[in-house]
Amino acid sequence: MIAFGATERVIGHGAILSRLLAEMAASRLAHAYLFHGPVGVGKATAARALATALFCEGNPEPCGKCPHCVKMDAGVHADFLYLGMAEGKTRIVVDQVREVARSISLTPLESKWRAALVDDAHLLNEQAANALLKTLEEPPPNTLLILVTDRPGAIMPTLRSRCRAVRFSPLADSELAAWVARQPGVTREVAVEVVKRAMGSVRRAAALLDEELLAREMRFQEEFGRVISGETTLAGLCALAEYWSDRERFVTATTLLGTWMEERIRSAVTGMGAGREVGALLEIKNLAETLVRQVHRFNVNRQLVLEALFIQIAKGRNREGGNSPFPNKGRG
Ligand SMILES: [Zn+2]
């Protein structure tokens with residue numbers, strides 16, 4: 001584990017970080033990297049760690065004590081630039097890229113390097129991506145650019161090909177468990193539930209440490225399990241849809257439904273007589289995605305959306321006979 005400063009640490013990804021530090025020590029760092037992998041596993045944190053190591057007086061490993069480490073930790077290092085989607089916007093726009101491109105081309109203020117992190121790089125619009133490409137084609141000396149994304153396929157190929165790709169995987173349950181155990185005031189029971197549900201994402205684990213969300217998820221899985229096993233009447237199903245149509249609960253419900261469908265499809269693909277089941281599941285998944293999009297775009301009634309989905313899922317499951325509704329339940 002690489003510590004850099006008191007508060008933020010990279011969890012896991014030891015092999016990746018060792019390799020990057022070795023490249024740095026041998027002066028073989030690329031001008032630009034593309035850190036890609038699932039949401040919330042620590043890609044941006046690793047990018048910050050690499051920049052910190054680059055600035056640190058005690059490198060290759062960041063010492064956590066020198067002025068560079070302290071400033072990086074506080075988020076105020078003048079040679080570190082962060083580029084992400086501005087509040088209230090839906091894409092990263094060209095003016096933001098130009099500003100970073102200009103700053104990165106200037107002489108470093110505090111260290112020998114300038115580093116920039118482009119967070120959620122798949123959100124660069126076309127113009128912005130082209131502007132960034134220009135910088136990558138002729139990178140100023142002593143600069144490091146790190147693009148971070150969970151959707152590398154959505155990045156312009158010419159831009160992608162200019163970066164050295166580094167793939168991040170979900171964290172191991174043991175790595176997450178060690179992190180959860182260090183958080184204050186977490187009981188053993190909560191820790192176990194959080195790790196089981198976090199799916200290798202430290203961001204998701206952090207969110208679940210809010211016990212209200214954890215309780216909400218556990219309740220949804222319990223109730224949804226009854227829908228699938230056919231223990232819920234139509235009236236009960238509608239009551240359930242009403243309860244989960246509250247704005248915040250709706251997010252929980254649709255997120256978990258999405259995960260459930262993905263798990264089901266994955267296990268169905270490898271199962272016997274897969275074709276029909278996969279087809280039916282994909283149909284429900286497409287319906288779910290369309291309906292949820294409509295809720296966000298056109299303010300479609302959330303309760304009706306959930307009723308429609310619960311009914312479709314209950315129908316499908318009744319045909320199949322009930323297996324465990326959450327195949328990943330025993331994970332960890
Ligand atoms: Zn340092």
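Biologist: Happy to look at this with you! How much area does the chain expose?

Modeller: This is a predicted model, where local features need pLDDT of at least 70, side-chain atom pairs count only at pLDDT 80 or more, and totals for chains, interfaces and linings use all residues. Residues are numbered from 1 along each chain as its sequence is written, and side-chain values use heavy atoms, with hydrogens and water left out. Accessible areas come from the Shrake-Rupley method with a 1.4 Å probe, and for residues only the protein chains shown count as cover. Carbon and sulfur atoms supply 51% of the exposed area of the chain, which comes to about 17100 Å².

Biologist: Thanks! Into which domains is the chain divided?

Modeller: The bounds come from an automatic or database domain assignment. Taken over C-alpha atoms, the centres of domain 1 and domain 2 are 28 Å apart. The division is domain 1 (14–167), domain 2 (172–209) and domain 3 (214–332).

Biologist: Which residues coordinate the zinc ion?

Modeller: Donors are N, O and S atoms within 2.8 Å of the metal (3.2 Å for Na, K and Ca), and water is not among the atoms, so sites may look incomplete. Here the donor residues follow the spacing C-x6-C-x2-C-x2-C in sequence. Each gives its SG atom, at 2.3 to 2.4 Å, and they are C56, C63, C66 and C69.

Biologist: Nice. What geometry does the site of the zinc ion have?

Modeller: Four donors count as tetrahedral if all angles lie between 85 and 135 degrees. The angles among the four donor atoms of the zinc ion are 102 to 116°, and the site is tetrahedral.

Biologist: Is C63 buried or exposed, or partly exposed?

Modeller: Buried means under 20% relative accessible area, exposed over 50%, and partly exposed in between (1.4 Å probe, protein chains only). C66 is buried because its relative accessibility is 8%, and C69 is buried at 0%. C63 has 32% relative accessibility, so C63 counts as partly exposed.

Biologist: How many disulfides does a search of the whole structure find?

Modeller: The test asks for a pair of cysteine sulfur atoms within 2.5 Å. Searching the whole structure gives a count of zero.

Biologist: One last residue, then: what does H13 touch?

Modeller: H13 lies in the segment before α1 (14–25), helices being DSSP runs (H or I, at least four residues), numbered from the N terminus. H13 has a relative accessible area of 10%, so H13 is buried. Contact means heavy atoms within 4.5 Å. Not counting residues up to four places away in sequence, H13 touches V41, F168, S169, L171 and E175.

Definitions and conventions. Tetrahedral: all angles 85-135°; square planar, octahedral: opposite > 155°, others 65-115°. Helix = DSSP H or I, 4+ residues; strand = E, 2+ residues; numbered from the N terminus.
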